[in-house]
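Got the structure open in your viewer? Here's a walk through it, one selection after another.

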Amino acid sequence: MTQTQVERSRTFSWSDPATNAALIGKTSGLALLQAMIAGELPPPPVMHLLGMTRLTAEEGRVTVEMPPREYHYNPLGTVHGGVLATLLDTAAGCAVHTTLPAGVGYTSVDLSVKYLRPVTVGSELLTCVGTVIQRGRRTALGEARLTDAAGRLVAHATSTCLLFELPAS
């Protein structure tokens, strides 16, 4: 680092993720997310890590918002694709989660992302909407659409999720 560069820093805190993990399988996915939204449960640490600011959920649909920040940047001066993929994965996966009854869990099998335009701090608030395209007994297909503040589609993803019974505790 040269003398002309100014180093920036960022500090954040989070709650113990075991609090929410202990409820997996004991409540429906939608009820768990709605409890987080209502402030009855803490948000997952990844929301603090990336700076996600808002989450809404209804059955089969989740919206997550995040303003792009410098700390999301890659060496090219744009938001890193991995950050955008994480936002897309969150929305698609949580949309699937809203359809699950108590006792059923899920995990991502794959995530296919298409990047359509670069994202910078000038893109302003990013909005990512995840929806369930199809849900069966064993798998679910979700999609997520990521738009900038001007409403332009910046990235799109599909995600296959494996559904499974959780062991009784």
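Which residues of β1 make up the covered face, and which the uncovered one? Select 54-58, the residues of β1, and look at the side chains. Leu55 and Ala57 are on the covered face, while Arg54, Thr56 and Glu58 are on the uncovered one. Keep in mind as you go that this is a predicted model.

**The sheet around β1**

Stay with β1 and add β2, residues 61-66. The two strands run antiparallel and are joined by five bridges. To find one of the residue pairings, pick Leu55: its bridge partner in β2 is Val64. Now look at the connection. β1 and β2 form a hairpin with two residues between them, and Gly60 in that turn has a positive phi of about 80°.

Next, show the whole sheet. It is an open one of six strands, in the order β1-β2-β4-β5-β6-β3, with antiparallel pairing. Your starting strand, β1, is one of the edge strands, and β3 (104-115) is the other; each of them pairs on one side only. On average, neighbouring strands in this sheet are turned by 20° against each other, direction ignored.

**Across to β4 and β5**

From β2, step over to β4, residues 126-135. β2 and β4 are paired in the antiparallel sense, over six bridges. Click on Val62 and you can look for its bridge partner in β4, which is Gly130.

Then move on to β5, residues 139-147. Eight bridges join β4 to β5, and these strands run antiparallel too. Two residue pairs are handy for checking the register: Val129 stands opposite Arg145 in β5, and Gln134 stands opposite Leu141 in β5. Follow the backbone from β4 into β5 and you pass through a hairpin connection of three residues.

While you're here, select Glu124, in the loop between β3 and β4. What is the sign of phi at Glu124? Positive, at about 60°, although Glu124 is not a glycine. For background, most residues other than glycine have a negative phi.

**The helix on the sheet**

Now select α2, residues 29-37. This helix packs on the sheet, where it touches β1 and β2. The direction of α2 makes about 145° with that of β1.

Which residues of α2 are buried? Colour Gly29, Leu30, Leu32, Leu33, Ala35 and Met36: these are the ones. Their cover includes α1, β1, β2 and α4 (81-97), so β1 and β2 turn up again here in a list of what covers the buried residues of α2. Just after α2, have a look at Gly39, which takes a positive phi of about 85°.

Go back a few residues to Leu23, in the loop between α1 (18-21) and α2. Is Leu23 buried, partly exposed or exposed? Leu23 counts as partly exposed because its relative accessibility is 29%, which falls between the 20% limit for buried and the 50% limit for exposed. Leaving out residues up to four places away in sequence, Leu23 touches Leu32 and Leu41. Add Ala102 to the selection as well: Leu23 and Ala102 are 79 residues apart along the chain, and their C-alpha atoms are separated by 9.3 Å.

**Toward the N terminus**

Select Arg8, in the segment before α1. Arg8 counts as exposed, at 60% relative accessibility. Measure from Arg8 to Glu70 in your viewer: they are 62 residues apart in sequence and 9.6 Å apart in space, C-alpha to C-alpha.

Now show the side chains of Arg10 and Tyr71. The charged end of Arg10 sits over the Tyr71 ring, 3.8 Å from its centre.

How many aromatic pairs are there? The count comes to one. Select Phe12 and Trp14 to see it: the pair is tilted, at 5.6 Å centre to centre and with 40° between the planes. Phe12 is partly exposed, with a relative accessible area of 31%.

**Last stop: the annotated stretch**

Finish by selecting residues 77-154, where UniProt, in an unreviewed entry, places the feature "domain: Thioesterase". Over that stretch the chain is 22% helix and 42% strand, and the end C-alpha atoms are 16 Å apart.

Note on methods:
Residues are numbered from 1 along each chain as its sequence is written. This is a predicted model: local features need pLDDT of at least 70, side-chain atom pairs count only at pLDDT 80 or more; totals for chains, interfaces and linings use all residues. Side-chain values use heavy atoms; hydrogens and water are left out. Two strands pair if DSSP finds at least two bridges between them. Helices (H or I, at least four residues) and strands (E, at least two) are DSSP runs, numbered from the N terminus. Axes are lines fitted to C-alpha atoms, for helices over the stretch in contact, and angles run from 0 to 180 degrees between N-to-C directions. Contact means heavy atoms within 4.5 Å. UniProt positions are given in the numbering used here, feature names are shortened, and annotations may be inferred rather than shown by experiment. Buried means under 20% relative accessible area, exposed over 50%, partly exposed in between (1.4 Å probe, protein chains only). Rings of Phe, Tyr and Trp (its six-membered ring) pair if their centres lie within 6.5 Å; planes under 30 degrees apart count as stacked, over 60 as edge-to-face and the rest as tilted. A charge sits over a ring if NZ of Lys or CZ of Arg is within 6 Å of the ring centre and within 35 degrees of the ring normal.
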